[in-house]
Structure formats: C-alpha cells, structure tokens
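Trainee: I would be grateful for a close look at a single part of this model, followed outward to the elements around it. Please keep the account connected.

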Amino acid sequence: MKKKFLKYFLVITALLSLIVLFADNQQAKAASYNKSEMRSFVRKTIAKYKARGSVVVIKDGHAQQISYGYGFYGRRLGNGNKNVIYPVCSLQKIMTGAIIQQLINQKKFTANTPISRWYPSIKNSKNIRVGNLLTHTSGIVMSGTEAKRHTIYSELGAIDWVLNQLSLHSENNPGHFSYNNTNFILLAGIIRKETGKSYATNVNNRIIKPLKLKNTFIGTQIPKNKIRAISYTWNRHNYQQPKTASIQQTSQLPGAANIYTTPKDYYKIQLGLTNGKILSQKQFDELTNLKYQTNSYSGGLYIKKNGKLKMAYGNLHGTHFGNWFQMTNDNKNGLVMFLNQTQNDENRNKDIGYEILNRIKPNTFSNR
C-alpha cells in the first residue's frame, strides 16, 4: 500500500513540476516581448522611410497594432482610428481563393475544371482550368483593369467589361505565370454562377460573418460611419498628393481588389484560413500548393521557404497605398502592414516590413 502511494505521489509531483516549468517558460516569453519597445521601434522604422501607416505585429502568437501618422490628414484622423478603413488591394485575392476552395470542398467543381463551363466565349477556355486562374497561369494578359473609368460598376457589369475586353484579345495559351487581376475577377464570376448569389454576399456569409469582422466591407457597402483612408506620398514634406481609392475604381475589381478593411481584421482572416472558420489547414495547403503553379504563387498568396512562410503585396494604380503581409504558416509570427504614405516603391515598402520582421524574429523571414 505504501509503495503504491509513493508511486502516485511521485507521478503527481512530476506533473506539477512540468506545469510549473511550462508556466515559467510562458512568463519568460511574455517578459521577452516588450510591447512598448516594439511600438517605439516600429514607429521609428516607419518614420525613417518617411512613410505612414498601421501595422499589426505578431510575435509568439501575440498580436499588437502599432500605427503612425494620419489616415486622413485633413481631418486629423490617425492611422489605427477605429473608423478608418483601407483598401485591401491584392491581399484580397486569398479571400476569393478561399471561397473557391470552399466550393471545391463542396464538390461543385475541381481545380481541373475548364473555365469553358462558365465562359465558353473566352478564346481557348477549354484549355484554361480553374487552377490556372488561381495561379495566374491562364495565359490571359489584359491591361486596364485598374485604370479609372469613372463609373460605379455592378459586379456583373465589371465582369462583363472584362469579358468584352477578352473578346478583343488573341488566343490565350495557359502555362506561364503572368500576374493579372482578370484571373480573380473571373473567379468572382464563377462564385456568382455556382452559388446563385453575388460575390459580395458570399464574402459576407463565408468570411465576414463567421469571423465576426467589424471593419471589413465591399466597397459599395461601406457604412456612413466608416471613413476611407487617404493615401499620400512624401515630396519634401509629408502628406503630399492625396489620393483616395475611389469606389468607382474598386468597383471594377470584384474578387481582386474591391474590399476595404483594417490590418486587425486582415490578421483575423489569416487565422481563419487555417483554424476551420474559413478553411482547415489541410484545405489551405491544398489551395496554396496547386499543381498549376510555376512559381511560389497559388490561391492568392506566395508560399516560401518550403511552406513555412506566406505573404502577399498589394497596391492600387494611381494611389500611394502599399500593403504587405508576411507571416509564418502557423500564424505565430509576422506582420500585416498597411501603408498609406509611400514613395510608390514596392521594394522600399518591403524594406520597412523586413526591418520590423527581423526585430520580431531574426533569420526567419524573406526580404521580398
């Protein structure tokens, strides 16, 4: 009896020791992350490049929003203000890709389905697969999707404009990577056709509601109390050449760049892509590793370092916005950076992010 009691006592003691050790390790991690120091570093880094914006820094699973400068200089509304929202630009494409993946999971079609099923009028559409659209390997090369046309388009109107333009192009030969908004506008059309509901309704029902996002909206559905950030550039002084992402311009880009959000909400979207609220980890991996990819781009993101990193960059023609996110695939470290004052230089913007990323976790991230 005494031996049995001693055995249980030793087991319980060992378990308690492990619990204490785990708690100590967690406290040590928390202590090593000084939020005040990180805030100071991020703001100084952004200022050094004469930029302005809002950043969510993720370190060891802890997310912190750090903002610098004004999102609307004329009204003195700071970046990070609860009512200020930003155009998500091409960071939206993963949202469209995720909805397509949901439909694939529901066995509506596959990544191998020819797009002639929905778009028989597109030249060579029998040889272009859904997977080609998701990886920008459709062979479609078309300009003008972001050119300001000074019209607020309906979703169907924007898709029809693309289809009319494609009718003027020569035959498309799939297989080579060529980044083009048209691919994801066509995917938005497929979502409409397969669900019988608008792309906007699908975004609301499949992404915004499940994640309980409070600051993410289709451009034509922004409530009156929300304020669209203005973009600026630095030209001897801050806040020069103000440019908005107009509703007219973003309405041209359903599926590609017609959503406004915040870095906080976008971080939640990234979490939702693997925690089962939008997709499972397995489904996310399927979407971002399609056989059609010819580089590291698949489903709306670039996946690098053997699947350890995910990232995307976005801007909008004629504005000064520069959005970049880069996170580890487990979502525990990285950043979501929305800049609204830049010098219109993608590499310079990424340099800002990379300095911050190296502060978060050295020797982990990609500079491009």
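Mentor: In this predicted model, Pro87 stands opposite Tyr260 in strand S10. That pairing belongs to S5 and S10 (residues 259-261), which run antiparallel and are joined by 2 bridges. Strands of a sheet pair through backbone hydrogen bonds, in either a parallel or an antiparallel sense. The two strands are part of an open sheet of 4 strands, ordered S6-S10-S5-S7, in which the pairing is mixed. Strand S6 (217-218) and strand S7 (227-228) occupy the edges; each has a single partner strand, so one side of each is left without a neighbour in the sheet.

From strand S5 (84-87) the chain enters a loop that leads to helix H3 (93-105), and Cys89 lies in this loop. Cys89 has a positive phi of about 55°, although it is not a glycine. Most residues other than glycine have a negative phi. Cys89 counts as buried because its relative accessibility is 1%.

The helix after this loop, H3, has 13 residues and spans 18 Å from its first C-alpha to its last, close to the 18 Å expected at 1.5 Å a residue. Of its 13 residues, 12 are buried, so H3 is largely enclosed by the rest of the structure. Among the buried residues are Lys93 and the polar pair Gln101 and Gln102, together with Ile94, Ile99, Ile100, Leu103 and Ile104. H3 is followed by Lys107, whose phi is also positive, near 65°.

Asp60 offers a further case of positive phi: its value is about 50°, and it is not a glycine. This residue sits in the loop between strand S1 (52-59) and strand S2 (62-68). Asp60 counts as partly exposed because its relative accessibility is 32%, whereas Cys89, at 1%, counts as buried.

Positive phi values also occur in the turns around strand S12. Strand S11 (residues 297-298) and S12 run antiparallel and are joined by 2 bridges, with Ser298 opposite Leu301 in S12. Their hairpin has 2 residues between the strands, and Gly299 takes a positive phi near 75° there. S12 also pairs with strand S13 (residues 309-314), in the antiparallel sense over 3 bridges; here Tyr302 stands opposite Met311 in S13. The hairpin of S12 and S13 has 4 residues between the strands, and Lys305 in its turn has a positive phi of about 50°.

S12 (residues 301-304) has two distinct faces: Leu301 and Ile303 form the covered one, and Tyr302 and Lys304 the uncovered one. In a regular strand the side chains alternate between the two faces of the sheet.

One helix pair completes this account. Helix H2 (residues 35-48) packs against helix H11 (residues 346-360) at an angle of about 160°, with the axes 9 Å apart. That angle makes H2 roughly antiparallel to H11, because angles over 145 degrees count as such. H2 passes H11 in a right-handed crossing. On the H2 side, the contact is made by Glu37, Met38, Phe41, Val42, Thr45, Ile46 and Lys48; H11 contributes Ile352, Glu355, Ile356, Arg359 and Ile360.

Notes:
Residues numbered from 1 in each chain as written. Predicted model: local features only at pLDDT ≥ 70, side-chain atom pairs only at ≥ 80, totals over all residues. Heavy atoms only, no water. Buried < 20%, exposed > 50% of the residue type's maximum accessible area, 1.4 Å probe, protein only. Expected span 1.5 Å × (residues − 1). Pairing = 2+ DSSP bridges. Axes fitted to C-alpha atoms, helices over the stretch in contact; angles between N-to-C directions. Parallel < 35°, antiparallel > 145°, perpendicular 65-115°, else oblique. Left-handed = near helix turned anticlockwise from the far one by under 90°. Contact = heavy atoms within 4.5 Å.
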